[in-house]
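Here's a walk through one model, written for someone who likes cut-offs next to the claims. Have a look at the sequence and the coordinates, then read on.

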Amino acid sequence: MDSISAVKFLDSLSQNSYYLTEVKNVIKKENLTEIYFDKKQNFNQANVHISDSLAKELKLPQNFTTKNLDSLKQNINKIYRNKGFSFNRIKTKFNGFKNEVPQIDLEVATSNKRTIDKFVLKDYTKVPKRFVKNLEEDFLHKIYDDKNLLKINNSLQNHPFVLLERPPQTLFKKDSTEIFLFLKKKVNSTFDGIIGFGNDKTEKFTLNGSLNLNLKNVFNGFETIGLYWQRNPDSGQTFNLGTDIPYLFQSKVGLNLNVNIYRQDSTFATVKAVPGFYYHISNNQKIGFRGTFETSAILDSLYTGGKDYTKQGIGLCYQYSRPTEIEIFQYQTNINSSVDYLRANYTDQKYNQIQYFLKAESNFHLTGNHYVNVNGESSLINSKNQLNTNELFRFGGWNSLRGFNENSLFADFYAFGGAEYRYLVNTQTFFDVFGQYAVLNNPNLNAQSKLYSLGFGFKFFMQLGLMSVQISNGSQFGEAFNFKSTKISWGLLSRF
């Protein structure tokens, strides 16, 4: 080797704990230099002695042999950092050789124990005070270590209203430790439009769709205001107004108010108001109670399928939501459930009713770019009286049982579930193939039906927003497949 390579090689031996390497001979042969050396003892292998107190704390014997002193020091350093001693030092003292093995005394200088003492917000600071207080309740005065820093980072990484522009930064002061959070307001308000093409009951080609506007965090209170309108092929129209305020008076109690109006052509109209309060169990979970006030009126005197009624009641609700790291997927996991006790008042009768609702979905990663979305929904009205058409559940369509017209299925009980295979082309695009199975009971038709739906589609981000295209077909088991029943839906979700 040449002289420069020889020097680098000998330096590498020193860096790997061969401190006493001795050059025995150097022979030059024309353009070649031969170096003969003795590495001698590796100082990274040693007999280690520690104090009795340190041995008890580390659960090690007082005297032991290590083959890698540097690795031992790094592991001890990490143990003490995880205990909050961020500036600990591992000291070693060389006490000569015994049987050609280095004898080392090892001790730990811990300095002051560090805890998380304060959060400092930077850039976007107009967040609810409760948001900061939740962080303080979760992390203040806890040990400052990598584990808690990772938890802080993860709790904000997929937050619905703020973005963490960089990992949490730390300022060490003499007697305190401050965590700096560089936040950015998330662009999260959405406008969602869906256009559907299909056939109505008379097999006439129809155009239908929906508009959905969600204003989120406009007033920096993490609030949501939603407006929704939908028209289905059978001349039914839905209007929904909802608002959600998560932190009332800087507390963990939130307010939710939802008003829904449904009108079936000139036959009947139903108005339903659901005010509720809920408590944040954690960032991902909330539980609450709510009231229900519902009124339905028959508009056509010749219509015999329904009755005028009013309903009042109270109920419990629970929600669990886990955000996804893949932006094009709406959730990693989402669960909504509720149970309501209702008092139904008809013209000449009164009945007690129990109603429940459950909706859940979750995304599972198979391998590579392959994912499966599993989802389901179920609802039931339990009542002793014969229910009228205008108080039955209405479901089916884009965000429900696909392959059927929007709100075209009526039931006092239904349950459906499905699986959707998703191939993620990239973080901006995926293709999907899905199948769904459903059961329902329609008491007015005295019919229990089993349904299925199949289809495929794709979603991708473009400059205007998230584009969705879906082709689906659904039918009842036992009936022949009807190509004319194919539904083509197109949607666009824009954020602003």
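## Rings, cores and strands

F161 is buried, and so is F222; buried here means under 20% relative accessible area, exposed over 50%, and partly exposed in between (1.4 Å probe, protein chains only). Before going further: this is a predicted model, where local features need pLDDT of at least 70, side-chain atom pairs count only at pLDDT 80 or more, and totals for chains, interfaces and linings use all residues. Residues are numbered from 1 along each chain as its sequence is written, and side-chain values use heavy atoms, with hydrogens and water left out.

**Aromatic pairs.** A search of the whole structure turns up 22 aromatic pairs. To count, rings of Phe, Tyr and Trp (its six-membered ring) must have their centres within 6.5 Å; planes under 30 degrees apart are stacked, over 60 edge-to-face, and the rest tilted. With 4.8 Å between ring centres and planes at 10°, F161 and F222 are therefore stacked. F161 sits in the loop between α5 and β8 (162-164), while F222 sits in the loop between β12 (205-216) and β13 (224-231), so the pair ties together parts 61 residues apart in sequence. Helices (H or I, at least four residues) and strands (E, at least two) are DSSP runs, numbered from the N terminus. F161 and F222 also belong to one aromatic cluster with F131 and Y247.

Y309 and Y346 make another pair: their ring centres are 6.2 Å apart and the planes are at 55°, so this one is tilted. Y309 is in strand β18 (residues 309-322) and Y346 is in the loop between β19 (333-345) and β20 (350-367), so the pair links parts 37 residues apart in sequence. Y309 has a relative accessible area of 2%, so it is buried; Y346, at 10%, is buried too.

Two rings also have a charge over the face, meaning NZ of Lys or CZ of Arg within 6 Å of the ring centre and within 35 degrees of the ring normal. K311 lies over Y309, at 5.1 Å from the ring centre, and R394 lies over Y262, at 3.6 Å from the ring centre.

**Nonpolar cores.** A nonpolar core is a set of buried Ala, Val, Leu, Ile, Met, Phe, Trp, Tyr and Cys residues joined through side-chain atoms within 4.5 Å. The largest one has 21 residues, and F119, V127, F131, L181 and L183 have the most contacts inside it. Elements giving it two or more residues are β7 (118-123), α4, α5, β8 and β10 (177-185). The largest share, four residues, comes from α4. What does L181 touch, not counting residues up to four places away in sequence? Its partners are F119, V120, L121, K122, L135, I152, L156, L164 and P168. There is also a second, separate core of 18 residues, which includes I381, F404, L409 and A411.

**Strands around β14.** Two strands pair if DSSP finds at least two bridges between them. β13 and β14 pair in the antiparallel sense over eight bridges, and L227 has L241 in β14 as its bridge partner. The two strands form a hairpin with four residues between them, and S235 in the turn has a positive phi of about 65°. β14 also pairs with strand β15 (residues 253-264), again antiparallel, over 10 bridges; D244 stands opposite N256 in β15. Strand β14 (residues 236-245) has a covered face of G236, T238, N240, G242 and D244, and an uncovered one of Q237, F239, L241, T243 and I245.

**Three buried polar-group residues.** Here are their accessibilities.

| Residue | Relative accessibility | Status |
|---|---|---|
| Y144 | 11% | buried |
| S475 | 8% | buried |
| T333 | 14% | buried |

Y144 is in the loop between α4 (129-139) and α5 (146-157). Y144 and S86 are 58 residues apart in sequence and 7.7 Å apart in space, C-alpha to C-alpha. Contact means heavy atoms within 4.5 Å; leaving aside neighbours within four places in sequence, Y144 has contacts that include R81, R114, F172 and I179. The side chains of Y144 and T170 are joined by a polar contact of 2.8 Å. That term covers a pair of N or O atoms within 3.5 Å; within protein, one must be able to donate a hydrogen and the other to accept it, and residues adjacent in sequence count only if both atoms are side-chain atoms.

T333, in strand β19, has a polar contact of 3.0 Å between its side chain and that of S362. S475 is in strand β27 (residues 465-476), and beyond four places in sequence S475 is in contact with F404, K450, L451, Y452 and A480.
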